[in-house]
Amino acid sequence: MDAEISNIKKWIILYPVYINSKKTIAEGRRISAGKACENPTCIEIGDCCAHFKLPFAIELDKAYPRDFMQRGRVRVMLKKEDGTLVNPAISSRKQLMHCVAELVPRHPGRTKKQEPAAASTSGAGPAKSGKGGKKKR
């Protein structure tokens, strides 16, 4: 158990802010806004790591230092103890960020959330505008 914990400390850290298209570079985004995704969560990032067959650990109690209200981070093992890559397709931290940001918008939980919101906005009729109400004399 102790050997595994010390091993996890050597894994790379991936905060959701790194691939959030709503954040600026100064706020912590690390890839271009065009390639980033909108408001990713730790669970979605973890599922993407599982898709790439990379060992990961989600730490929900940790916070991003620049924005401590943003809770959670993901630790990912890119290289084994002997230095070989776990997944040869992903060789660097930056490449992992690009791959995860590409996969997060297609996450099953995300697609289900967006469908009802899109249906409710398109079905809304014309709204009544203007002041309305009783006039005082």
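A residue counts as buried when its relative accessible area is under 20%. With that in hand, here is a quick tour of this predicted model. In helix α2, that label goes to Cys42, Glu44, Ile45, Gly46, Cys48 and Cys49. From there we'll look at the nonpolar core, the strands, a cluster of tyrosines and two buried arginines.

**The nonpolar core**

- The largest nonpolar core has 27 residues, and the members touching the most others are Tyr18, Ile19, Ile45, Leu54, Val76, Leu96 and Val100.
- Four elements each hand two or more residues to this core: β1 (12-14), α2 (42-51), β3 (67-76) and α3 (93-103).
- The top contributor is α3, which gives 5 residues.
- As background, nonpolar side chains tend to be buried together in soluble globular proteins.
- Leave aside residues up to four places away in sequence, and Val100 touches Ile19, Ile45, Cys48 and Phe52.
- Ile45 turns up again here: besides its place among those best-connected core members, Ile45 is one of the buried residues of α2.
- Just after α2 ends, Lys53 takes a positive phi of about 60°.

**How the strands pair up**

- Strand β2 (residues 56-64) runs antiparallel to β3, and 6 bridges join the two.
- Together β2 and β3 make a hairpin, with 2 residues between them.
- Two of the residue pairings with β3 are worth finding in the structure: Tyr64 has Asp67 as its bridge partner, while Glu59 is partnered with Arg73.
- On to β1, which is also antiparallel to β3, with 3 bridges joining them.
- Ile13 has its bridge partner in β3 too, namely Arg75.

**The tyrosine cluster**

- Searching the whole structure turns up 3 aromatic pairs.
- Tyr15 and Tyr18 make one of these: their ring centres are 5.6 Å apart and their planes sit at 80°, so the pair is edge-to-face.
- Tyr18 also pairs with Tyr64, again edge-to-face, at 6.0 Å centre to centre with 85° between the planes.
- That second pair links distant parts of the chain, as Tyr18 is in the loop between β1 and α2, Tyr64 is in strand β2, and they are 46 residues apart.
- Put the pieces together and Tyr15, Tyr18 and Tyr64 form one aromatic cluster.
- Are these rings buried or exposed? Tyr15 and Tyr18 are both buried.
- For Tyr18 the relative accessibility is 6%, so it falls in the buried class.
- Tyr64 is buried as well, at a relative accessible area of 5%.
- Tyr18 has a charged companion too: the charged end of Arg30 sits over the Tyr18 ring, 4.1 Å from the ring's centre.

**Arg29, a buried arginine in a loop**

- You'll find Arg29 in the loop between β1 and α2.
- Its relative accessible area is 12%, so Arg29 counts as buried.
- Arg29 and Ile19 are 10 residues apart in sequence, but 5.8 Å apart in space from C-alpha to C-alpha.
- Which residues does Arg29 touch, not counting residues up to four places away in sequence? They are Val17, Tyr18, Asn20, Ser21, Lys23, Thr24 and Ala36.
- The Arg29 side chain also reaches the backbone oxygen of Ile31, at 2.7 Å.

**Arg75, a buried arginine in a strand**

- Arg75 lies in strand β3.
- With a relative accessible area of 10%, Arg75 is buried.
- What does the side chain of Arg75 make a polar contact with, at 3.1 Å? The partner is the side chain of Glu59.
- A polar atom of the Arg75 side chain also lies 3.4 Å from the backbone oxygen of Lys9.
- Setting aside residues up to four places away in sequence, Arg75 touches Ile8, Lys9, Trp11, Ile12, Ile13, Pro55, Phe56, Ala57 and Glu59.
- Ile13 on that contact list is also the bridge partner of Arg75.

How values were computed: Residues numbered from 1 in each chain as written. Predicted model: local features only at pLDDT ≥ 70, side-chain atom pairs only at ≥ 80, totals over all residues. Heavy atoms only, no water. Core = buried A, V, L, I, M, F, W, Y, C linked by side-chain atoms within 4.5 Å. Buried < 20%, exposed > 50% of the residue type's maximum accessible area, 1.4 Å probe, protein only. Contact = heavy atoms within 4.5 Å. Pairing = 2+ DSSP bridges. Polar contact = N/O pair within 3.5 Å; in protein donor to acceptor, adjacent residues only side chain to side chain. Phe/Tyr/Trp six-rings, centres within 6.5 Å; stacked < 30°, edge-to-face > 60°. Lys NZ or Arg CZ within 6 Å of the ring centre and 35° of its normal.
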